[in-house]
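Subject: Structure handover

Hi,

Here is the structure for you to look over. My notes on what turned up follow below it.

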Amino acid sequence: MVLTEYMLWGLVALSIISSVLSRSFRWPLLLIFSRWVRWFLFAAIFAFFLDRFQISGRPYWVYFVTGFAVWFLLETGYNWIAIKALSRSDLPLFPDFHPNQDGDEWPANKRLIEVKNWLRKNDFKCLGSLKAELYEDTFLRASIYEHPQSMTRIQILFIPKNKGDAIACYMINTSSKDGQRLITDNHFLPYGGYYPENWHLCRKPLIGSLQRLLRLHHHRRLLQSNFEPVHLEDDPLDELNEQQRVLERLNTETGFLVPRSHQEEEGKITYKGRYRLWKEMWILAYLGKSII
């Protein structure tokens, strides 16, 4: 029993430390580690109290496994409620973007300003700043950059946080002569839907560095493929909105989204889509991977 109490207090301390560090630094691996510690801590507390009050005569490990399963059920219920709320909300899943003329295209964040300076230093040209309204006074912003030699576009999405701050996600895109797209991104939010067959997508949510993601795209994917890159002539705004329309149409046809004419009654996401979204939420949260 003494050993069990030491283990329990050790998990409590580890949970507090990992939570504080993950909020301060937002390292993806640290976030995943913090979630696993929280899960083990719940199971340990559950088992400790059942054993202490002698609810039954079963061994401690049975209580622990039961607590592990209870946490899974609780978090599953919470995720399903969140997905249902999203499906019934007014939040657009594929919002329309417009030119950003408000002067707030780049967050006043030291780390993100360093990324902006790195892009400028490495000859990336800003093609445009865009924004889409998610709900009242809350916007999803995007900055599009292109390198004239590599024929690669970088789409930077600034996902809003509290107090006006934002988290950046990067999408690197190279197109070929035959209409294929080689895409490498680090989007960490669950998507659950489908992508067109000509989009060769590699999602790496654990890579927070734009430089590392760009090396992966160029050195490990582009050079090892048969792609013949071409310059993208499309206007960034038209291209991004066309991508949104293509994704919405495809996911409606594949049964992930409810047709717009029935969304008021049934919500935006079908049961099949909700299951896929729930599955990706779990895989992203605890394994740092996408279902793509």
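A residue counts as buried when its relative accessible area is under 20%, and as exposed when that area is over 50%. Please keep in mind that this is a predicted model.

**W282**

By that cut-off W282 is buried, because its relative accessible area is 10%. This tryptophan sits in helix 8, which covers residues 271-287. Which residues does W282 touch, leaving aside those up to four places away in sequence? The list is W39, F72, E75, T76, N79 and L287. For a sense of distance, take W282 and K84. They are 198 residues apart in sequence. In space their C-alpha atoms are 16 Å apart.

**Salt bridges**

Side chains of opposite charge can pair when their charged atoms come close. How many salt bridges does a search of the whole structure find? The count is 9. Three pairs are described here.

D104 and K131 form one of them, with the closest N and O atoms 3.3 Å apart. D104 lies in the loop between strand 1 (98-99) and helix 4 (110-121), and K131 lies in strand 2 (residues 125-135), so the pair ties together parts that are 27 residues apart in sequence. The two partners fall in separate burial classes by the cut-off. D104 is partly exposed, at a relative accessible area of 29%. K131 is buried, at 6%.

D185 pairs with R203, and here the closest N and O atoms are 2.7 Å apart. D185 belongs to strand 6 (residues 181-185) and R203 to strand 7 (residues 199-203), so this bridge ties together parts that are 18 residues apart in sequence. Are these two buried or exposed? Both D185 and R203 are buried.

R153 and E146 also meet through their side chains, at 3.1 Å from N to O. R153 is buried because its relative accessible area is 5%. E146 is buried too, with a value of 14%. This pair does not stand alone: E146, R153, R181 and E239 are linked in a network of salt bridges.

**The cavity**

R153 and E239 come up again here, since both line the largest cavity. The search gives 1 cavity of 30 Å³ or more. The largest cavity holds about 70 Å³ of space. Its other lining residues are I144, I154, Q155, M171, N173, P236, L240 and Q243. Strand 4 (152-160), strand 5 (166-176) and helix 6 (236-253) each supply at least two residues of the lining. Which element gives the most? Helix 6 does, with 4 residues. By class, the lining of this cavity divides into 5 nonpolar, 3 polar and 2 charged residues.

**The second largest pocket**

This pocket has about 270 Å³ of space. It is lined by 15 residues, and the closest to its centre are P92, L93, E248, Q263 and K268. Helix 3 (60-88) and helix 7 (263-266) are the elements that give two or more residues to the lining. What is the make-up of the lining by class? It has 7 charged, 4 polar and 4 nonpolar residues.

**Where to look in the viewer**

- W282 in helix 8, with its contacts including W39 and F72.
- The network of E146, R153, R181 and E239.
- The centre of the second largest pocket, with E248 and K268 among the closest residues.

Best wishes

Definitions and conventions: Residues are numbered from 1 along each chain as its sequence is written. This is a predicted model: local features need pLDDT of at least 70, side-chain atom pairs count only at pLDDT 80 or more; totals for chains, interfaces and linings use all residues. Side-chain values use heavy atoms; hydrogens and water are left out. Buried means under 20% relative accessible area, exposed over 50%, partly exposed in between (1.4 Å probe, protein chains only). Contact means heavy atoms within 4.5 Å. A salt bridge is a side-chain nitrogen of Lys or Arg within 4 Å of a carboxyl oxygen of Asp or Glu. On a 1 Å grid over the protein atoms alone, a cavity is a set of points where a 1.4 Å probe fits but cannot get out, and a pocket is an open set with protein on both sides within 12 Å along at least five of seven lines; lining residues have an atom within 4 Å of a point. Grid points are joined across faces, edges and corners, and a volume is the space filled by probe spheres set on the points. Ala, Val, Leu, Ile, Met, Phe, Trp, Tyr, Cys and Pro count as nonpolar, Asp, Glu, Lys and Arg as charged, and the others, Gly among them, as polar.
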